[in-house]
Amino acid sequence: MAASMRLLVRRAIRLSHKNITLTAAGAAARSDCCRGPLVCRCFSDEAEDRSTHFGFETVPETEKAKRVYKVFENVAQKYDIMNDAMSLGIHRMWKDTLLHVMHPQPGAQLLDMAGGTGDISFRFLDYIRSQEERQKRRVARSSQTPSWRDISNNYSTQDEPRESRAVVCDINKEMLKVGKQKADSLGVSAGLSWVVGDAEELPFDDDQFDIYTIAFGIRNVTHIDQALQEALRVLKPGGRFMCLEFSKVNNPILSRIYDAYSFQMIPVIGEVIAGDWKSYQYLVESIRKFPNQEEFKGMIEDAGFYCVKYYNLTGGVVALHSGFKL
Amino acid sequence: MFKNVLSRLVTETVRSRRYVPNGPVIQRLIPASGPVRTFTDRKGEAQPQFDASLLDVLVCPLSKKPLRYDAETNELINEELGIAYPILDGIPNMIPQEARLIQKDSAETPTH
């Protein structure tokens, strides 16, 4: 009886959650104790602070977001170099595979969550451009002998096909700044936008995007189920959710080599190149705390996605999960 | 006649210069004398321009309602809830804790 009352209260609070004043929200986020109007999550916990994992440490939930923010703030400048050094360049292959599986068509709208330095979005725009060129070449070839229908189509005023667009969203300003600088130096600006936003509370309307990707970001989110629900919300019906994340290696020999490399080499590389041991310690620990392929697949299905599959890359070091909003 | 126009121009700029310091305490990087400069100077100072096409997709994360872009203060405003999201370097910051409350008297910013 008490439990169902609590459920009802929690639901009512969640409904009115959006109208809660900001000062209260700000105060609650600031204090370590989450007894405040944001208490809708605490109600279920019987007046105890909810705690979660930060690497192998246990921290209160409100702490985790702040600490993750600091980690990425520190590593932002050297992020790309470190990625190359740690993964020996293999991360490029993983991201290329994501794009190939995604196979975006011209006109697609992408939301690149936790996009940080923009790797996925740059690849997305390149892929679309090469697709468009391929289409143009095909049209040119086939219009050598045009049919009557083709000729009449050429006379009709054609609507401009929807321009493809990539929105890079990240909770961390520093990462986005680095990404924007990269874009400016590469001269890419058409169809690329940058937004600071929280994966658990996206600043986008419903049914907006064709593809939602989150590459190596979802393990840093405090409430993964909320992020998945937000992803479902902003995707158009028929839209695709794709997630690249480090996962469990099943092969025992590879697993031992991988563990040794992770815990002994990576923080050292982090210290040498980026001058930051702890952040990279957090990185390898957070990988171990993340659920494995099957569990994560279950979480995605619980959020409401259909046809959820995963592909193991590099023997399971990285898993690419994909689901559809139908 | 021209003297009237000139005097009105001067009083307006003086008034706006006086307005800004009384405005809310800020986390913004825009210097206080911003609004007084000419139109071209203001554009050059926030050099990365905010991309207005983003307004098609952006909504307030709390109420999911569309936002209004305010070019003077370089913010995205949600009238209903009375909050303003800052734009730094052309990148809008849509974290609710970093938004500024718009109040009729001088406002306190909820810093985090």
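A:E61 counts as buried in this predicted model, because its relative accessibility is 16% (buried means under 20% relative accessible area, exposed over 50% and partly exposed in between, with a 1.4 Å probe and protein chains only). The residue sits in helix 3 of chain A, which covers residues 61–75; helices (H or I, at least four residues) and strands (E, at least two) are DSSP runs, numbered from the N terminus. With neighbours within four places in sequence left aside, A:E61 is in contact (heavy atoms within 4.5 Å) with A:R50, A:S51, A:T52, A:T222 and A:H223.

A word on conventions is useful here. Residues are numbered from 1 along each chain as its sequence is written, and chains are lettered from A in the order in which they are written. Local features need pLDDT of at least 70 and side-chain atom pairs count only at pLDDT 80 or more, while totals for chains, interfaces and linings use all residues; side-chain values use heavy atoms, with hydrogens and water left out.

Turning to the interior, the largest nonpolar core has 41 residues (such a core is a set of buried Ala, Val, Leu, Ile, Met, Phe, Trp, Tyr and Cys residues joined through side-chain atoms within 4.5 Å). Those with the most contacts inside this core are A:L111, A:F204, A:Y212, A:F241, A:F305 and B:Y85. Among the elements that each supply at least two of its residues are strand 7 (235–246) and helix 12 (293–303) of chain A, as well as strand 3 of chain B. Helix 9 of chain A gives the most, with six residues. Beyond its neighbours within four places in sequence, A:L111 is in contact with nine-strong company that includes A:V167, A:F204, A:Y212 and A:V234. Apart from this core lies another, of 35 residues, with A:L99, A:F122, A:I211 and A:L313 among them.Between the chains, 27 residues of chain B are in contact with 28 residues of chain A. The buried area is about 2400 Å², of which carbon and sulfur atoms give 64% (the accessible area, 1.4 Å probe, that two parts lose on being put together, summed over both). In chain B, the residues that lose the most area to chain A are B:V57, B:K64 and B:I91, together 25% of what that side buries. The rule finds two salt bridges across this interface (a side-chain nitrogen of Lys or Arg within 4 Å of a carboxyl oxygen of Asp or Glu). A:K173 and B:E98 meet through their side chains in a salt bridge, at 3.5 Å from N to O. On the side of chain B that touches chain A, strand 3 (83–88) and strand 4 (91–92) of chain B are the elements that give two or more residues.
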